[in-house]
Amino acid sequence: MSAPASSTSSVQPLNRLLLTGAAGGLGKVLRESLRPYARTLRVSDIAALPPATGAHEEVLPCDLADKAAVDALVAGCDAIVHLGGVSVERPFEEILEANIKGVFHLYEGARRHGVKRVVFASSNHVIGFYKQSETIDAHAARRPDGYYGLSKSFGEDVAQFYFDRWGIETVSIRIGSSFPEPANRRMMSTWLSYRDLTSLIEKSLFTPGVKHTVVFGASANRDLWWDNSAAAHLGFVPQDTSEVFRAKIEAQPPVAPTDPNAIYQGGAFTAQGPFGD
Ligand code: NAI
Ligand code: 15L
């Protein structure tokens, strides 16, 4: 198999790529769009998945909280795109199982089975308590906006540790809002198209020498809060922009200036919880 057309020239084609969270919103999209990047795409989730569509796919159900199951899941893969886990703010105990134990299990499996590269779906909620009036880069101190953001912050630390200790390279993508289109004014800044997401993951898989790189995942939106100069070596150049949705979004009722959605980069996540008091 030849290297993907738009990737770096020194690319070694992947033999088997693991995609976790394959039943989710982004997983369904990437199951299709990542197909050219590996001979075999192994897709996994705790939720039901459609069967394999051909010899190029393997479907393996797995709970990320189950260490032995994750170890078996990772065996034989040479790279991982890790999307699996709780993707919104939830009680800590749920986040602990899927995201915190889950990311540890994944990297332990990667260490044990010689996986060289991980693409970690981090989140803007790692830095959600920055104001929308601020522009930050990947070196800015993290300001998680909830248990979910804390779990992604932990995941970035795990990625750094497994690079420093074991040489496993990771690109942690702090995804903004990746949906078919932005749903509100905040997402005019944070929106990441599926095409740009796929391109960023391709760069994250194939760029040599990434060590542990943190990159913000946003399209070429007009009012960006994030400076990606620290990840320039990835060569990611977004092709899409939320501007095409501006008229539709600006037809929505205005957001009160006191609403977290108008103040913080993490929007409403900054005001969720506590749970169960
Ligand atoms: P999603 O919630 O649709 O998909 C997550 C998938 O993980 C689900 O299919 C779920 O069944 C699976 N999962 C949950 N717990 C699991 C467990 N214990 N074991 C195995 N699988 C488990 O989320 P979405 O939107 O597809 O996001 C994918 C990833 O990207 C998530 O990690 C999310 O945190 C991250 N992300 C997504 C953003 C977006 O705008 N879509 C923004 C920032 C980060
Ligand atoms: C996320 O991290 C979530 O996974 C996604 O569902 C959106 O809420 C997104 O952030 C966002 O901030 O818009």
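1. The shell around ligand 2 is mostly a polar affair by class: six polar residues, four nonpolar and one charged. Bear in mind that the model is predicted. The residues in question are Ser87, Ser123, Asn124, His125, Tyr148, Gly176, Ser177, Phe179, Arg186, Met187 and Phe269.

2. Look next at the oxygen atoms of ligand 2. The backbone of Ser87 places an N or O atom 2.6 Å from one oxygen atom of this ligand. Side chains contribute too. Tyr148 has a polar side-chain atom 2.7 Å from a ligand 2 oxygen, and Ser123 has one at 2.8 Å. Of the 320 Å² that ligand 2 exposes when taken alone, the protein buries 83%.

3. Ligand 1 has 26 residues around it. Asp45, Leu83, Ser87, Tyr148 and Ser178 are the closest. By class, 12 of the shell residues are nonpolar, 11 are polar and three are charged.

4. Backbone atoms make polar contacts with ligand 1. Leu64 offers a backbone N or O atom 2.9 Å from a ligand nitrogen. Gly24 and an oxygen atom of ligand 1 are 3.1 Å apart, through a polar backbone atom of the glycine. Gly85 also has a backbone N or O atom 3.1 Å from a ligand 1 oxygen. Alone, ligand 1 exposes 810 Å², and 85% of that is buried by the protein.

5. Three elements each give two or more residues to the ligand 1 shell: helix H1 (25-33), strand E5 (117-123) and helix H4 (147-166). E5 gives the most, with three residues.

6. On location, ligand 1 takes up the space of the largest pocket. Ligand 2 sits in the largest pocket as well.

Notes
Residues are numbered from 1 along each chain as its sequence is written. Chains are lettered from A and ligands numbered from 1 in the order in which they are written. This is a predicted model: local features need pLDDT of at least 70, side-chain atom pairs count only at pLDDT 80 or more; totals for chains, interfaces and linings use all residues. Side-chain values use heavy atoms; hydrogens and water are left out. A residue is near a molecule or strand if one of its heavy atoms lies within 4 Å of it. A polar contact is a pair of N or O atoms within 3.5 Å; within protein, one must be able to donate a hydrogen and the other to accept it, and residues adjacent in sequence count only if both atoms are side-chain atoms. Accessible areas come from the Shrake-Rupley method with a 1.4 Å probe; for residues, only the protein chains shown count as cover. On a 1 Å grid over the protein atoms alone, a cavity is a set of points where a 1.4 Å probe fits but cannot get out, and a pocket is an open set with protein on both sides within 12 Å along at least five of seven lines; lining residues have an atom within 4 Å of a point. A molecule sits in a cavity or pocket if more than half of its atoms lie within 2 Å of its grid points. Ala, Val, Leu, Ile, Met, Phe, Trp, Tyr, Cys and Pro count as nonpolar, Asp, Glu, Lys and Arg as charged, and the others, Gly among them, as polar. Helices (H or I, at least four residues) and strands (E, at least two) are DSSP runs, numbered from the N terminus.
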